[in-house]
Each structure stands twice: as C-alpha cells, then as structure tokens.
Amino acid sequence: MDEIDVPPFFLCPISLELMKDPVTVSTGITYDRHSIEKWLFASNNDTCPVTKQPLLPDLTPNHTLRRLIQAWCTVNASHGIQRIPTPKPPVDKTIIQNLLKDASGSPNLQLQCLRTLKSIASESQTNKRSIESAGAVKFLASVITNTVNSCLDDDVELELKASVADEALSLLHNLHLSEPGLKTLLSHPEFLNSLTKVMQRGIYESRAYAVFLLKSLSEVAEPVQLNNLKPELFVELVQVLKDQISQKGSKATLQTLIQVCPWGRNRVKAVEAGAVPVIVELLLEYRERKPCEMMLVVLETLCQSADGRAELLAHAAGVAIVAKKILRVSTMANDRATKILLAVCRFSATPSVLQDMVQLGVVAKLCLVLQVDSGNKAKEKAKEILKLHAKAWKNSPCIPVHLLASFPTSA
C-alpha cells in the first residue's frame, strides 16, 4: 500500500484508510461504515466530521464506490492488495421484530433469541440501532424484570432463568443505548429494582453490566427519578466498590455515586450503606489520579451531611488519608480534600478532633498548601480552616517552625 498511490476518494476522511464498506451520510460525504458509526454512536457526535453540519444517523451504502474500490484492489493484486469483501448488509428491522415475537415463550426460546440478537448486534453499530428501534429495549427490560423476580431458590429452572437474565443484561450493555433508549428503561416499572437484585445475586459479569447501565441511566434520569432511588441500591453499589469486581466496574460505580448522591436524601442513603469507610479504605490503597479524584468527589458530597462527617471521623485513617492526598494527586484533588477538611472543621470540630488534626500532621499540611503551588481554591480553603482554629493550633509544638510563618492571623 505504501508504494502505491491510492485514489484519495477511496480513503475514509476519518481513518484515512482504504474504505471497506463506504456509506454516504446526509451531508453527501462518504465514510467507511466502521469509522462513521464509531463517530456517531460510540462518541455520541451529531455533526459531519468534514462539513461540521448537523448529521442524521441514516447511512446509505455507496455501492458504486465500493465496486470501484474492489475493482482497483483486483487490478493491484500483484502489489499485494487484497480485494475487500462485499460487506454484509445491515439487518432488516422485520427480522428483529420476528425474533422478539418468537421469544415470548419458554426460557429456552428466550435464551436462543437473545444469543441470536447478540450475534447480530456484534456485526455493526447500525444493527445495534436497528435492534433498539425495533422495540428490543422494552423486551429486554421485561425479560430481566420478569426473570429476576421469578428466580426462586427452589426453582428447577433457576440456572436457566439466571442465564436468560445474564444474557439480556449483557445485550443491553453491548447495545450502547441512545438517550431515548435509556429513558425507555427508566420508564419501565421495577427495572431499577431488578438491577439491584442482579447485583445481589448475579455473577461478577452481570454485576458489572448492571453498574455500567446504572451509570448511563443516572446521566439521563430526571431529578424525581434520582430522588426516589431505594436504599438497597446504595447497599449494592457500595458492595461492588468493596468487592472491586473490576477497575471499570469500580470507576462506573464511583461515577454513578457522583451523579446520584447530590439528590434528595441519597447522600444519607449512601452513608447508611457504608460508603464512607469503604472509600477511605480504597483511598489508602489507590494512588492513580482519576480513581482518587472520583473518590474524593464522592467523599466530599457525603461529608456535607453530619452522618457522613461522623463516619469519616470514626475511621482511624479517615482525616489522615484525606490530608495525605493533598499535594500528591492533582489540583482538583487538593480542592476536594480541603473541602472535606473545611466541612469537618466548620461543623464537627470537637477539641479531640482538633488535637488529632495537629498530631496527624493535617495542620502542618494545610500550612504547606499556603506555601506551594496547590491551586487557588485549595489555598483559600486551607487559609479559612487555619483561621477558624488559629487559637487552638498556632502555638502547637507539632507544627514545624518553617511552616508557622504561613499561618494566617485569626479573624
């Protein structure tokens, strides 16, 4: 390929590689199907990469250009160019609808249908959109809800029904649903409760898929839906964090908590589910920037409640690990960690807490924040904390002399 001049209109404008399945979009530009589907559906873009104009999701196969490319490949076969195969056309929506009708019977039929749909979905993003638009989202939500709720311990078909639920959940995750598709799931009665049950009973993969879906659902849910989340859901989210079923699973769980905790009584539900000590333990273990930042964001939200601050102070390493992350992770982490310490110092500063903060080196760390490049927000909060309790801390022998110079005067 490097030694041959490829006609420029044979190359995809996105990948700059020879197109294998050219499709024309609504702006008249032709792209390789794989590249434009990734642009539209995986990256959630809605404009044409070349013209920057609004783009409809309709992709029209450019058969003429594909045949020209195939002919060019044949002519240049002696140069090692392999002829591109004729691509398989996207699945017809009626085929999907017929599959869904046939799957309304026994668990065996459902399992067979789900595996066929999964195979079809794996072929292209266009097939995934066809499956979604054919009504598969409601069908899959019903399958998961009905199957999970009917799985009793003494059920002779327990294993089969569990496999059906696992397969349906896997397919829902792999469809990478659009926002309307996600809202369809949210409107389905009992679906969120079913996901909670999957996280209680399911295999590791299904628990991860449930968390991935919850993360996506939390991003499009209405405030009233987020306010009504049940405590059991938070118990399972915390358990997923505790079990560390996978890095992606932990990340999705933290992102979900970041989305839902600010609403209603959710921060209290998360605290009661044991989120604070679990996050403290994870902070003790993790050093990577992104996970630490997300943990501190969640912890800062939880510490806006009295119960959250009490849980942080009850953990032997709670305040210490928050302070330790300052100046060791990122500017954002500095900001969140000092916010947590400010909440503690404003609302939960008993004499023993203030003494512990001196002995653990927290006060010295806050003085250091004022001396180094830690970010303006962190500096402001550190200064406010030190001013709040200057009388209790300023003359402490636990603060190094070289840091005392930066100690602000109390208000």
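This text walks through a predicted model, from its domains to its helix packing and then to single residues.

Start with the overall division. The protein falls into domain 1 (8-79), domain 2 (89-221) and domain 3 (274-410). Between the centres of domain 2 and domain 3, taken over C-alpha atoms, lie 44 Å. At the N-terminal end, an unreviewed UniProt entry lists residues 5-79 as "domain: U-box". In the model, that span is 31% helix and 11% strand. Its end C-alpha atoms are 11 Å apart.

Move on to domain 2, which covers residues 89-221. Ala136 sits in helix H5 (residues 125-150). Its relative accessible area is 0%, so Ala136 is buried. Not counting residues up to four places away in sequence, Ala136 touches Leu100 and Ile131. Now look to the other end of the model. Ile399 is 263 residues from Ala136 along the chain. Their C-alpha atoms are separated by 64 Å.

Next comes a loop with an unusual backbone angle. His176 lies between helix H6 (158-174) and helix H7 (179-187). His176 is not a glycine, yet its phi is positive, at about 50°. How accessible is His176? Its relative accessibility is 41%, so His176 counts as partly exposed.

Helix packing is the next topic. Two packed helices are described by the angle between their axes and the distance between the axes. Take H7 first. H7 packs with helix H9 (residues 204-220) at an angle of about 100°. The axes of H7 and H9 are 9 Å apart. With that angle, H7 and H9 are therefore roughly perpendicular to each other. H7 brings Glu179, Leu182, Lys183, Leu185 and Leu186 to the contact. H9 supplies Leu213, Ser216, Leu217 and Val220.

Helix H8 (residues 191-201) pairs with helix H11 (residues 231-243). Their axes come within 9 Å and cross at roughly 40°. H8 and H11 are therefore oblique to each other. The crossing of H8 past H11 is left-handed. On the H8 side, the contact residues are Thr196, Met199 and Gln200. They meet Glu232, Leu233, Glu236 and Val240 in H11. An α-helix has 3.6 residues a turn, so residues three or four places apart point the same way.

Domain 3 begins at residue 274. Look there at helix H14 (residues 275-285), which holds Leu283. Which residues of H14 are buried? They are Ala275, Val276, Val278, Ile279, Val280, Leu282 and Leu283. Several helices help to cover them. Among these are H11, helix H13 (266-272), helix H15 (289-302), helix H16 (306-314) and H17.

Leu283 gives a closer view of this packing. Its relative accessibility is 0%, so Leu283 counts as buried. Leave aside its neighbours within four places in sequence. Leu283 is then in contact with Cys292, Met295, Leu296, Leu299, Ile321 and Lys325. For a long-range reference, take Ala162. Leu283 and Ala162 are 121 residues apart in sequence. In space they are 35 Å apart, C-alpha to C-alpha.

H15 also packs with H18. The axes of H15 and H18 come within 9 Å and cross at roughly 25°. H15 and H18 are therefore roughly parallel to each other. Their crossing is left-handed. From H15, the contact uses Glu293, Leu296, Val297, Leu299 and Glu300. From H18, it uses Met332, Ala333, Arg336, Lys339 and Ile340. Note Leu296 and Leu299 of H15: they take part in this contact, and they also touch Leu283.

Before H18 there is a second loop residue to check. Leu327 lies between helix H17 (318-325) and helix H18 (331-347). Leu327 has a positive phi, near 70°, although it is a residue other than glycine. At 32% relative accessibility, Leu327 counts as partly exposed.

Finish with helix H20 (residues 362-371), where Ala364 is found. Is Ala364 buried or exposed? Its relative accessible area is 14%, so Ala364 is buried. Val401 is 37 residues from Ala364 along the chain. In space, the C-alpha atoms of Ala364 and Val401 are separated by 9.9 Å.

Technical notes:
Residues numbered from 1 in each chain as written. Predicted model: local features only at pLDDT ≥ 70, side-chain atom pairs only at ≥ 80, totals over all residues. Heavy atoms only, no water. Helix = DSSP H or I, 4+ residues; strand = E, 2+ residues; numbered from the N terminus. Buried < 20%, exposed > 50% of the residue type's maximum accessible area, 1.4 Å probe, protein only. Domains from an automatic or database assignment. UniProt positions renumbered as here; feature names shortened; annotations may be inferred. Axes fitted to C-alpha atoms, helices over the stretch in contact; angles between N-to-C directions. Parallel < 35°, antiparallel > 145°, perpendicular 65-115°, else oblique. Left-handed = near helix turned anticlockwise from the far one by under 90°. Contact = heavy atoms within 4.5 Å.
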